[in-house]
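Visitor: I would like to learn how to read a sheet and its salt bridges in a model. Could you take me through one, step by step?

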Amino acid sequence: MTKLIKITHPHSIKKVDCKETVLALGFFDGVHKGHQQVIKTAKEIADDKGLLLSVMTFDPHPSAILGNRDESISYLTPLELKVKWMEKLGVDQLFIVQFTEEFANLLPQEFVDQYIIALNAKHVVAGFDFSFGKYGKGTMESLPFHSRNEFLQTTVSKFDIDDEKVSSSRIRQAIKDGEMDEAARLLGRQYQIIGTVVDGDKRGRTIGFPTANISVSVPYALPSVGVYAVKCIVNGELYEGMCNIGYKPTFYHEFQKQTIEVNIFNFNEDIYGKEVEIFWFTRIRDEKKFNGINELIEQLHKDRETVISYFNEIN
């Protein structure tokens, strides 16, 4: 079980109260294959030295504080999911530092003194492009200068797939383009969101395709409009299904709020208010407007067969 340690700047943690640790640094949104390389490297060092494995991440996203306030921030792994994947990677401690303007204004040496040395880190691991301190002036190249000979460091080089760096922004773009197969290849797993089932217009049940209307409470990176093959975890059980993300143009002539609706196969339970995990596999088709209910129903039957065939092939 990963121990969560939330830190608000300025903190009062003393080195004497902390166990010696190997510390991996980064925001780690997505916990993708590149991030996994950093954490696995840190774990190997921790295991070799008999030390705890710690990861330091930041919340919210630094660009939410430092970036253009008009730009919206989307997350691949909000904190809840990030914790889950850290546990799977065998992280002993997860430091969650509240990212504020005051914290961002720390000089590189102040960051090292207060957030590395004071936490009793004996070895620091980060990606080649990790930066720290005001204006990101601190880098992995300058870290030995700031270390006060208190810790060693390992820099993990760029992790490429198809001669291009695996990055959170690359994954976001794949998701935005509806390329869920590509997103999964870069993540090392299916892209996943967690939401709550809320009241919808209940039209699906009248045409033989009841749907769970999913509301998300955090700004996930969401796939482009269309129909997708998905799997869902509901009440601890895994189900196959198909998901429409879009605006239901067959029923609405004016612009509506985007919805996420999942038709869960072989499922007939009341799950209003329940949490659902959705795993996105592949895009089946665009969302389109149909000339009436019968045409829509015919297409939904085709979609269901397409999704069933898809899962039969990959399972």
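Guide: We will go through the sheet, then the helices on it, then the salt bridges. Please keep in mind that this is a predicted model.

Visitor: Let us begin with the sheet. In what order do the six strands stand, and how do they pair?

Guide: A sheet is read from one edge to the other. Here the order is E1-E4-E3-E2-E5-E8, the sheet is open, and the pairing is parallel.

Visitor: Which strands stand at the edges?

Guide: Strand E1 (3–7) and E8 do. Each has a single partner strand, so one side of each is left without a neighbour in the sheet. As for twist, neighbouring strands are turned by 20° against each other on average, direction ignored.

Visitor: How many bridges join E5 to E8?

Guide: Five, and the two strands run parallel. To find one of these places in the model, look at Val-125, whose bridge partner in E8 is Thr-154.

Visitor: Now the helices. Which strands does helix H1 touch?

Guide: Helix H1 (residues 33–49) packs on the sheet and touches strand E2 (21–25), strand E3 (52–59), E5 and E8. The direction of H1 makes about 160° with that of E5. Helix H3 (residues 79–88) lies across E1, E3 and strand E4 (93–98), and runs at about 165° to E3.

Visitor: How many salt bridges does the structure hold?

Guide: There are 14. For each one, ask where its two partners sit. Take Lys-122 and Glu-150, whose closest N and O atoms are 3.9 Å apart. Lys-122 is in strand E5 (residues 121–127), while Glu-150 is in the loop between helix H6 (143–146) and strand E8 (152–156), so this pair ties together parts that are 28 residues apart in sequence. Lys-122 is partly exposed at 22% relative accessibility, and Glu-150 is partly exposed at 29%.

Visitor: What separates Lys-302 and Glu-298 in helix H9?

Guide: About one helical turn, because they are four residues apart in H9 (residues 293–314). Their side chains meet in a salt bridge at 3.8 Å, N to O. Lys-302 is partly exposed, with a relative accessible area of 47%, and Glu-298 is partly exposed, also with 47%.

Visitor: Which residues do salt bridges with shared partners join into one network?

Guide: Asp-162, Glu-164, Arg-170, Glu-182 and Arg-185. Within it, the side chains of Glu-164 and Arg-170 meet at 3.8 Å, N to O.

Visitor: Is Arg-170 buried or exposed?

Guide: Arg-170 counts as buried, at 13% relative accessibility, because buried means under 20%. Its partner Glu-164 counts as partly exposed, at 42%.

Notes: Residues are numbered from 1 along each chain as its sequence is written. This is a predicted model: local features need pLDDT of at least 70, side-chain atom pairs count only at pLDDT 80 or more; totals for chains, interfaces and linings use all residues. Side-chain values use heavy atoms; hydrogens and water are left out. A salt bridge is a side-chain nitrogen of Lys or Arg within 4 Å of a carboxyl oxygen of Asp or Glu. Buried means under 20% relative accessible area, exposed over 50%, partly exposed in between (1.4 Å probe, protein chains only). Two strands pair if DSSP finds at least two bridges between them. Axes are lines fitted to C-alpha atoms, for helices over the stretch in contact, and angles run from 0 to 180 degrees between N-to-C directions. Contact means heavy atoms within 4.5 Å.
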